[in-house]
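Trainee: Before I accept the descriptive terms used for this model, I should like to see each one tested against its definition. May we go through them in turn?

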Amino acid sequence: MIDKIDKQLITLLAKNAQTTLSELAKAVNLSISPCQSRIKKLEQQEYILGYHAHINFKKLEKAHIAFVQISLSDTRAKALDQFNSEVRKLEAVEQCHMIAGNFDYLLKVRTNNINAYRLLLSEKISSLPNVASTSTFVSMESVKE
C-alpha cells in the first residue's frame with residue numbers, strides 16, 4: 001500500500017524523471033535516504049515501471065501522428081493473441097489499446113509524413129492477423145501528450 005508521500009513522488013517523477021533525489025526529498029519533506037528508499041520500494045512493487053525521455057519528434061522528423069481504428073474479423077482469444085503479438089512488432093505503433101465499442105483496437109502511429117504512414121498502413125497494419133477494416137484519423141496538432 002502506498003501513502004500520500006509515495007503518490008507525490010510518483011507525480012513528481014511522472015512530470016520530470018530527471019528530478020534529482022535532493023529535489024524530490026525537499027518537495028516531499030523527507031531527507032534523501034528515506035526518499036531514495038521509497039522510490040526503490042515503488043520500483044520493486046512496480047508502481048514505477050521505468051523512466052522516459054520527452055522526445056522532440058519534430059527534430060527527428062517523426063511528428064506525423066495518426067490514430068487508427070481497427071476492426072477484426074475474429075475476436076476469439078487466439079485471434080486477439082495473434083493480433084497483439086504482431087502489432088507489438090511494429091515500431092511505428094506507439095500505443096495499441098483494445099476498445100469496448102464499435103471497433104476493436106485503437107492505435108497511435110508515429111511516422112515522418114503522410115506518405116510513410118500510407119505505406120505502413122497498406123503494407124503492415126492492414127496485413128496484421130484478422131484485420132477486417134481500418135479507419136484513420138490524422139492528428140493536426142498535439143495539444144497535450
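The exchange below takes up helices, cores and single residues.

Mentor: A word on the basis comes before the terms: this is a predicted model, in which local features need pLDDT of at least 70, side-chain atom pairs count only at pLDDT 80 or more, and totals for chains, interfaces and linings use all residues. Residues are numbered from 1 along each chain as its sequence is written, and side-chain values use heavy atoms, with hydrogens and water left out.

Trainee: Why is H64 called buried?

Mentor: The relative accessible area of H64 is 13%, and buried means under 20%, exposed over 50% and partly exposed in between, with a 1.4 Å probe and protein chains only. H64 is therefore buried. This residue belongs to strand β1; helices (H or I, at least four residues) and strands (E, at least two) are DSSP runs, numbered from the N terminus.

Trainee: Which residues does H64 contact, leaving aside its neighbours within four places in sequence?

Mentor: Contact means heavy atoms within 4.5 Å. On that basis H64 is in contact with V109, R110, T111, N112, N113, I114, Y117 and V138.

Trainee: What makes S133 partly exposed?

Mentor: Its relative accessible area is 36%, so S133 falls into the partly exposed class. S133 lies in strand β4, residues 131-138, and touches Q69, I70 and S71, residues up to four places away in sequence not being counted. The C-alpha atoms of S133 and F103 are 9.2 Å apart, with their positions 30 residues apart along the chain.

Trainee: Which class of exposure applies to N29, and which to N130?

Mentor: N29 has a relative accessible area of 71% and is therefore exposed, whereas N130, at 22%, is partly exposed. N29 is placed in the loop between α2 and α3, and N130 in the loop between α5 and β4. Each has a positive phi in a residue other than glycine: near 65° for N29 and near 70° for N130.

Trainee: How do you know that the length of α3 agrees with that expected of a helix?

Mentor: The expected span is 1.5 Å times one less than the number of residues. For the 13 residues of α3 (residues 32-44) this gives 18 Å, and the end C-alpha atoms are 18 Å apart, so the two agree. After α3 comes E46, whose phi is positive, near 65°.

Trainee: Why are the buried residues of α3 placed on the same side?

Mentor: In α3 the buried residues are C35, R38, I39 and L42. They cover an arc of only 95° around the axis, which puts them on the same side of α3; the arc is that of the directions from the helix axis to the C-beta atoms. The face turned away from this buried side carries the exposed residues S33 and Q44. The buried residues pack against α1 (4-15) and α2 (21-28).

Trainee: What puts the buried residues of α1 on the same side?

Mentor: The buried residues of α1 are D6, L9 and L13. They cover an arc of only 60° around the axis and therefore lie on the same side of α1. The opposite face has K4, A14 and K15 as exposed residues, while α2 and α3 are among what covers the buried ones.

Trainee: Why are α1 and α3 called roughly perpendicular?

Mentor: They pack at an angle of about 80°, with their axes 10 Å apart. Axes are lines fitted to C-alpha atoms, for helices over the stretch in contact, and angles run from 0 to 180 degrees between N-to-C directions. Angles under 35 degrees count as roughly parallel, over 145 as roughly antiparallel, 65 to 115 as roughly perpendicular and the rest as oblique. The two helices are therefore roughly perpendicular. I5, D6, L9, I10 and L13 of α1 make the contact with C35, R38, I39, K41 and L42 of α3.

Trainee: What makes a set of residues a nonpolar core, and which residues have the most contacts inside the largest one?

Mentor: A nonpolar core is a set of buried Ala, Val, Leu, Ile, Met, Phe, Trp, Tyr and Cys residues joined through side-chain atoms within 4.5 Å. The largest has 19 residues, with I70, F83, L107, V109 and I125 having the most contacts inside it. At least two residues each come from β1 (64-72), α4 (77-87), β3 (105-111) and α5 (114-123), and β1 gives the most, with 4 residues. A second, separate core of 10 residues includes L24, C35, I39 and I48.
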